[in-house]
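Biologist: I would like to go through the labels on this model one by one. For each label, give me the value and the cut-off behind it.

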Amino acid sequence: MSVLRLAVPTPLRRYFDYLPPAGMTPSRLAGLEPGSRFTVPFGNRELTGWLVEIAGSSELAGDALRPAVALLDEHSLLPENLLALCEWAIHYYHHAPGEVFAAAFPARLRQGKPHRPAGESAWRLSERGQGLPAGGLPRAPRQAQALAMLQAEPSVSQQRLADAGVTNSVLRELANKGLAERCHLAPTPRRPHSRQAMALNAEQSAVMRALDDIGGRCSSHLLEGVTGSGKTEIYLQLIDCCLQRGQQALVLIPEIGLTPQTLSRFRARFDAEIAVLHSGLTDAERERAWELARTGVAHIVIGTRSAVFTPLDATGLIIVDEEHDLSYKQQDGFRYSARDVAVKRAQIEGCPVLLGSATPSLESLHNALSGRYHHHRLRERAGRASMPAISVIDIRRQELEAGLSAPLLEAVEQCGEQGEQVLLFLNRRGFAPTLQCHDCGWIAQCNACDARLTVHRRRRQLRCHHCGAAAALPPRCPDCGGDALLTAGLGTEQTEAFLQQRFPDRNVLRVDSDTMQGREAMAELIEQLQQGEPTILLGTQMLTKGHHFPGIALVAVIDADGMLFSSDFRGEERLAQLLTQVAGRAGRAEMPGRVLLQTHYPDHPAMLSMVEEPYGDRARALLRERVAAALPPAGQLLMIRSDCPDATTGEQFLAQLRGKLERALPAGCRCVGPLPSPMQRRAGRFRFQLLVSAPDRRSAQVAARRIAGAAEAIPARRGLNWSLDVDPQEVV
Ligand code: ADP
Ligand code: ZN
Ligand code: ZN
């Protein structure tokens, strides 16, 4: 008996058994490859699943097994290495196998549509057509023209035929006469070339030499280099080596906003096929890029988080830029860390992986300092740029206009006089985070979340930044009918309006997710800045993600306090990363930059350390504290979250789970909770969490397996969702 064991895209953490499709011969069955797609019946639907193995028996009785409907791929579209990676992720994250496989495929293929090879559709002569003499079909001049083109070459792409004025109907007529037929033109692989590289400075050369010695062999590296130290130049030169070995390079970047600049830099350097994968693509574009990567036609694959699962033909190098960035962690569904998956992938593929950042995560730093990763440092800015000078503005008792103190306004004023650009950082979009009635104290709250609504004045709306709900701005207080509605707090829209009025002769550009809609927005902004006009750039963390704004002389953080009192144990690490990254936007070309931090707490250790010590030193101190407290990267965490429209079910579920785990967890594991999540109600659902800490990786893995097993054994309750997060990034 042969049983097809499949990963089917459902949230269930198990495989599903099927009989082979009716009529499948034993020899075809024997030739099946793991990773091939099948259409299978599932309940009263049909789903697309992936073959994992052919088993000799099933736990299900023979007559309970249903046959698969059809085999979709004669050969697996995933290379063996990627199958191994999926298998690892299924085990490590204890996630539903079908959802893990789904992450490796573009949408059309997940939906069971036929695989379309890359390349173009084309036409060629049929056998009969080849017998025709040159100058055939003299009485049908347009068909004769097409015939002549097809006689000149083995096949001609549809596009070139169209360009020459040959219409589809002419081609169809030739086909009807049996003279021509459709065919497929595979893309022609070309040899990649690198254009002129920069002469590396001493620090960069040392890093290149160290990596050179390793060659293309399996190894993990952390490149810790201050902002503007020339990390990207090193990436480019390493990629060049990789391409010269005839292999492909996979480059992960944090967000789509980064793509235009990174991409143009790669395009300028390489005469090579570059495939780009990010969420802003249409399904068709994504599938094409995926296919170019898979077949080895693309030399370089650049993408965001999910690109880590892109199949490649010959992986030679993996780079994770800004490796500390939170966007590498998927925060729902299949909760993987693309950085961690990248490191595992390099091990499986037997190639080097390079994690780069000016502000490495404590996890990666720990791995580097303990010798698990090779550690490379760049302490100086490349070229002639120098690090910016950072100082604090004590805003206690100072008068603020739209959040800006007099010394800051003066500094902005001066930059304008010198024709320089300014970047102001305010991590809150909208006009104001609170709307309140001055008569009765009413506050605009979201109906579905434990959160206040943000005032968006331009659109005359109240919006919830957590569930997306939006309502018209009320003209009067809905409680008492009074008209004394006041806004409290600050958002980018408000500061923008103030800046426009205060500096009427300067460009004020607001950069947040409200203004940066559409995929050209960031590219347009960068172009505008490159014209060098004195500009004030005002924005949220969107601005901090590794962009190059070479003309920026002053960077100011309007509300550094907003981030000071996080209750997450990673709060200080994140604050130091964010402030260092914001500060790193200043003075990247030849002018020295300046950074100002506005705060009510100039003596807070985090503020002092920003001014006094570089990130690298701060991070090492924080790491020692973490290790002493047995928090990650020392020890490991697992988070079980529940959410339910009902206020108590989720908590009961987690309490029951905890009860089952009490004696089932390995030694040294501890449970905390169930506790309400920091925002207990979101989008109408009540959320709770149970945190499990484990002393090491091995016991964390055992614990995760028992947790998943115990949770699945608790009978499902209506409306209740739960999830297991291995290595959670947000635990408050
Ligand atoms: P990072 O990626 O570390 O932020 P980049 O590679 O973007 O740094 O380099 C910062 C700036 O320094 C860029 O303008 C780059 O062109 C320039 N640069 C990099 N390496 C060199 C070098 N060896 N000599 C001169 N300029 C360099
Ligand atoms: Zn009121
Ligand atoms: Zn809401």
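Biologist: How do you know whether cysteine 477 is buried or exposed?

Modeller: This is a predicted model, so every value is computed from predicted coordinates. Cysteine 477 has a relative accessible area of 3%. Buried means under 20%. Cysteine 477 is therefore buried.

Biologist: What makes cysteine 477 a donor of the zinc ion (ligand 2), and what are the other donors?

Modeller: A donor is an N, O or S atom within 2.8 Å of the metal. The protein donors of the zinc ion (ligand 2) are the SG atoms of Cys437, Cys440, Cys477 and Cys480, lying 2.2 to 2.4 Å from the ion.

Biologist: Why is the site of the zinc ion (ligand 2) called tetrahedral?

Modeller: Four donors count as tetrahedral if all angles lie between 85 and 135 degrees. Here the angles among the 4 donor atoms are 106 to 112°. The site is tetrahedral.

Biologist: What spacing do the donor residues of the zinc ion (ligand 2) show in sequence, and which parts do cysteine 437 and cysteine 477 tie together?

Modeller: The spacing is C-x2-C-x36-C-x2-C. Cysteine 437 lies in strand S22 (residues 434-437), while cysteine 477 is in the loop between S25 and strand S26 (485-488). The pair therefore ties together parts that are 40 residues apart in sequence. Cysteine 437 is buried, at a relative accessible area of 2%.

Biologist: How do you know the geometry at the zinc ion (ligand 3)?

Modeller: Its protein donors are Cys446, Cys449, Cys464 and Cys467, each through SG, lying 2.2 to 2.3 Å from the ion. The angles among the 4 donor atoms are 105 to 114°. The tetrahedral window is 85 to 135 degrees. This site is tetrahedral. Along the chain, its donors follow C-x2-C-x14-C-x2-C.

Biologist: Why do cysteine 464 and cysteine 467 get the labels they have?

Modeller: Buried means under 20%, exposed over 50%, and partly exposed in between. Cysteine 464 has a relative accessible area of 4%, so it is buried. Cysteine 467 is at 30%, so it counts as partly exposed.

Biologist: What makes S24 and S25 a pair?

Modeller: Pairing needs at least two bridges. Strand S24 (residues 461-463) and S25 have 3 bridges, in the antiparallel sense. One of the bridge partnerships is glutamine 461 with alanine 472 in S25.

Biologist: What order do the strands of that open sheet take, and which are the edge strands?

Modeller: The open sheet has 3 strands in the order S23-S24-S25, with antiparallel pairing. Strand S23 (454-456) and strand S25 (470-472) are the edges, since each pairs on one side only. The twist averages 30° from one strand to the next.

Biologist: How do you know that S14 pairs with S11 and S13?

Modeller: The threshold is again at least two bridges. Strand S11 (residues 248-252) is joined to S14 by 4 bridges, running parallel. Strand S13 (residues 274-277) is joined to S14 by 4 bridges, also parallel. Valine 251 stands opposite isoleucine 302 in S14. Isoleucine 302 is also the bridge partner of valine 276.

Biologist: Which way do the residues of S14 point?

Modeller: In strand S14 (residues 300-303), Ile300 and Ile302 point one way. Val301 and Gly303 point the other way, and all are buried. In a regular strand the side chains alternate between the two faces of the sheet.

Biologist: What makes the buried residues of H8 line one face?

Modeller: In helix H8 (residues 168-176), the buried residues are Val170, Leu171 and Leu174. Seen down the axis, they fall within an arc of 100°, so they line one face of the helix. They pack against strand S6 (120-125), helix H6 (141-152), helix H7 (158-163) and strand S8 (180-185). Just after H8, glycine 178 has a positive phi of about 75°.

Biologist: Why do threonine 580 and leucine 608 get their labels?

Modeller: The cut-off for buried is under 20%. Threonine 580 has 18%, so it is buried. Threonine 580 sits in helix H18 (residues 571-583). Beyond four places in sequence, threonine 580 contacts Thr227, Thr359, Met610 and Tyr615. Leucine 608, in helix H19 (residues 605-612), has 32% and is therefore partly exposed.

Conventions: Residues are numbered from 1 along each chain as its sequence is written. Chains are lettered from A and ligands numbered from 1 in the order in which they are written. This is a predicted model: local features need pLDDT of at least 70, side-chain atom pairs count only at pLDDT 80 or more; totals for chains, interfaces and linings use all residues. Side-chain values use heavy atoms; hydrogens and water are left out. Helices (H or I, at least four residues) and strands (E, at least two) are DSSP runs, numbered from the N terminus. Buried means under 20% relative accessible area, exposed over 50%, partly exposed in between (1.4 Å probe, protein chains only). Contact means heavy atoms within 4.5 Å. The arc is that of the directions from the helix axis to the C-beta atoms. Axes are lines fitted to C-alpha atoms, for helices over the stretch in contact, and angles run from 0 to 180 degrees between N-to-C directions. Donors are N, O and S atoms within 2.8 Å of the metal (3.2 Å for Na, K and Ca); water is not among the atoms, so sites may look incomplete. Four donors count as tetrahedral if all angles lie between 85 and 135 degrees; four count as square planar and six as octahedral if opposite donors are over 155 degrees apart and all others between 65 and 115; anything else is irregular.
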